[in-house]
Amino acid sequence: MSSNSGIQIPSRLPLLLTHEGVLLPGSTMRISVETARNMHLVKNRLLKGTSLKSTIIGVIPNTRDPEHDTEDLPTLHSIGTAGLAVQVVGSNWPKPHYTLLITGLCRFRVAQLLKEGPFPVAEVEQLDKLEQYTSPEEMSEAAGPEGELGELSKRFYQAAVQLVGMLDMSVPVVAKLRRLLDSLPRETLPDVLASMIHTSNKEKLQVLDAVSLEERFKKTLPLLTRQIEGLKLLQKTRKLRPDDNKRVLAVRKGGVLPGHQFSLDEEGEDEDGDDTAVLERKVKGANMPQPALRVCLKELKRLKKMPQSMPEYALTRNYLDLMVELPWSKSTTDCLDIHAARVLLDSDHYAMEKLKRRVLEYLAVRQLKSTLKGPILCFVGPPGVGKTSVGRSIARTLGREFHRIALGGVCDQSDIRGHRRTYVGSMPGRIINGLKTVGVNNPVFLLDEVDKLGKSLQGDPASALLEVLDPEQNHSFTDHYLNVAFDLSQVLFIATANSTATIPPALLDRMEVLQVQGYTQEEKVEIAHRHLIPHQLEQHGLTPQQLQIPQDTTQDIISKYTREAGVRSLERKIGAICRAVAVKVAEGHTVTKSEAAPAESTPQGAEHGGRKPAGEIVRNRHGYIILCTLPGAPSFPPVSTVTSHTFTLPVGCAVPGQKSADQCTMPSQT
Ligand SMILES: Nc1ncnc2c1ncn2[C@@H]1O[C@H](COP(=O)(O)OP(=O)(O)OP(=O)(O)O)[C@@H](O)[C@H]1O
């Protein structure tokens, strides 16, 4: 249907190729500008042009697979829609990006491609009549009341009225749509309705290609009927099960209403409605206290009224998601068996009697009084004495969740208390985040390195901790982001510090300080053999048969290789030994007869006067034995003194006379 009368579009149009759908005349579409071609069009034509003519562009559906779209121009679909760019939104930072709002005017056919770059320009032939106004009567007259087109347009109009009648007329946009149906020329109805109802891109493309009006009516009428049937089914399902939103969704997803593009119809609103309905159910089922529930319901009400495209929608949604995820009344049951707790604590850590006693006391009182508030303990001691790891062990003993909050270097109070929601990128603080992570309201929170909190212009995090760590106040801890109180009284807070000197007095006053002393040499040897060596062997995939470390060797490592109150370096040294042995094991060294011969008979043994040189790993029949780790120092005990009873490791021992000549130097720690 060529147009000779009415408004004419320019005969040369710049072309915008889009993957984002099919623009039909009479509808408006938002198109994101991504390709270099389209970017040039926006920059050189839309942003530079000053006349109305320069805002008219040709929109052509890009039928090439977006995954394989390249710089070169694809084969152009022969029919496109001339559109008016009514809005160009975008920014040049961090990289140029634009979004166009385009209103479709009429169809055109690409007559000839005039240029390809930087953006394509084509000579076009206008296919639709573009007039200011054609009344429905004029249209009927033109088609003739008895003509097939007249009949088709009448049926189409009636179906459209039926469809709109099924929607909720109290919604302003629906009422407007009803008025629009009467005022629009009927020839425009197929395009307008096809862009509103659920149609796939392929179906829209067929409507676009239907140049003859009759064909267009024929193509869109079944789509309209399908939408009506879908709505009927939806309404029937609702009547049957008014509350079962899932069923409604399933009906939709089942293909009654295919396609998932933008539409003004009821379904779009429903999906949104379902989403908020699910959220509402979650809010009501989150068992939150009344004040928090009130706030949530208020926010939910606002959310329902907000369009999804509004930035605040996402913020409110995130807030509500967090609120429903928080463990307002979810807690774990404490394991109050004192005997089992004692065994567990002893199996995890050697010594540390004071700490263990305090935990058992807490357990005992909890047995007698179930509403006991969580104490706030502060373990103070030198690095590596097991303050952090005992915290983890306490959580395990109590059967509670464990969460560690590293406070070293934190200098912003919003790290603890969160940001107010008015800030861009606002987040809850670490306490609320931790609760969300563990999902229960009675975890063990380890506030690690509380003495290393910093101060800055962003406030003093130590002051923010005052409320958290005050048993009298923390039942109503208010994070700035949540803006409602959360009860922290069941949380067991354990702080760790290397020294009390840098802890602000007000904070220190709220905590029960338990000093953890450094270990004696004997204690370290016990810790090494009970915990560190088995742990390191496991970490390096070695068995106790493959590496046995005599107590004398451990003592030597402790006294000559480590100078510390804790056992961290000791653990590292043992790790280094394990790595060296792991290399030997991986190389597949097998013990030969000569290797198993007594060391005294070997030249090396003689060279050292019967003593092993320093820093050696000596292998026996069963595996490897570390004799000494002192490089060059002659003070380690001769192998003959290493007997089975000197081993703490349960399996295997060095048997005198099985020393090997296959020796290597003690690995340096890496
Ligand atoms: N008494 C002990 N029994 C068993 N293992 C221990 C003992 N003391 C320390 N350890 C071990 O020492 C290592 C270091 O401990 P941890 O990290 O808890 O030290 P810390 O006191 O928290 O140090 P920092 O103050 O530097 O944080 C851990 O692997 C831990 O298991």
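1. A crossing of two helices is called right-handed if the near helix is turned clockwise from the far one by less than a right angle, and left-handed if it is turned anticlockwise. With that convention in hand, the crossing of α12 and α14 in this predicted model is right-handed. The contact behind this crossing is made by Ala341, Leu344, Leu345 and Asp348 on the α12 side, and by Ser393, Arg396 and Thr397 on the α14 side. Sorted by class, the residues of this contact are 3 nonpolar, 2 polar and 2 charged.

2. As for the geometry of the pair, helix α12, which spans residues 338–348, packs against α14 at an angle of about 155°, and their axes are 9 Å apart. Angles over 145 degrees count as roughly antiparallel, and α12 and α14 are therefore roughly antiparallel to each other.

3. The helix α14 (387–398) also belongs to the surroundings of the ligand, since it is one of the helices that each supply at least two residues of the shell, alongside α19 (521–539) and α21 (568–587). Among the contributors, α14 gives the most to this shell, with 3 residues. There are 20 residues around the ligand, and those that come nearest are Pro383, Gly386, Lys387, Thr388 and Ser389. By class, the shell is made up of 7 nonpolar, 10 polar and 3 charged residues.

4. The position of the ligand with respect to the domains can be stated as well: domain 3 (338–515) and domain 4 (521–665) both give residues to the shell, so the ligand lies between them.

5. Turning to α19, its axis and that of helix α20 (residues 551–561) come within 10 Å and cross at roughly 120°. This angle falls outside the range of 65 to 115 degrees that counts as roughly perpendicular and is not over 145, and α19 and α20 are therefore oblique to each other. The crossing in which α19 passes α20 is right-handed. From α19 the contact draws on Gln521, Lys524, Val525, Ala528 and His529, whereas α20 brings Gln551, Thr554, Gln555, Ile558 and Ser559. These residues divide into 3 nonpolar, 6 polar and 1 charged.

6. A further pair is formed by helix α10 (residues 290–305) and helix α11 (residues 311–325), whose axes come within 10 Å and cross at roughly 150°. That angle makes α10 roughly antiparallel to α11, and the crossing of these two helices is left-handed. In this contact, Ala292, Cys296, Glu299, Leu300, Arg302 and Leu303 of α10 meet Tyr313, Thr316, Arg317, Tyr319, Leu320 and Met323 of α11. The contact of α10 with α11 has 8 nonpolar residues, together with 1 polar and 3 charged.

Notes. Residues numbered from 1 in each chain as written. Predicted model: local features only at pLDDT ≥ 70, side-chain atom pairs only at ≥ 80, totals over all residues. Near = placed C-beta within 6 Å. Helix = DSSP H or I, 4+ residues; strand = E, 2+ residues; numbered from the N terminus. Nonpolar A, V, L, I, M, F, W, Y, C, P; charged D, E, K, R; others polar. Domains from an automatic or database assignment. Axes fitted to C-alpha atoms, helices over the stretch in contact; angles between N-to-C directions. Parallel < 35°, antiparallel > 145°, perpendicular 65-115°, else oblique. Contact = placed C-beta atoms within 7 Å.
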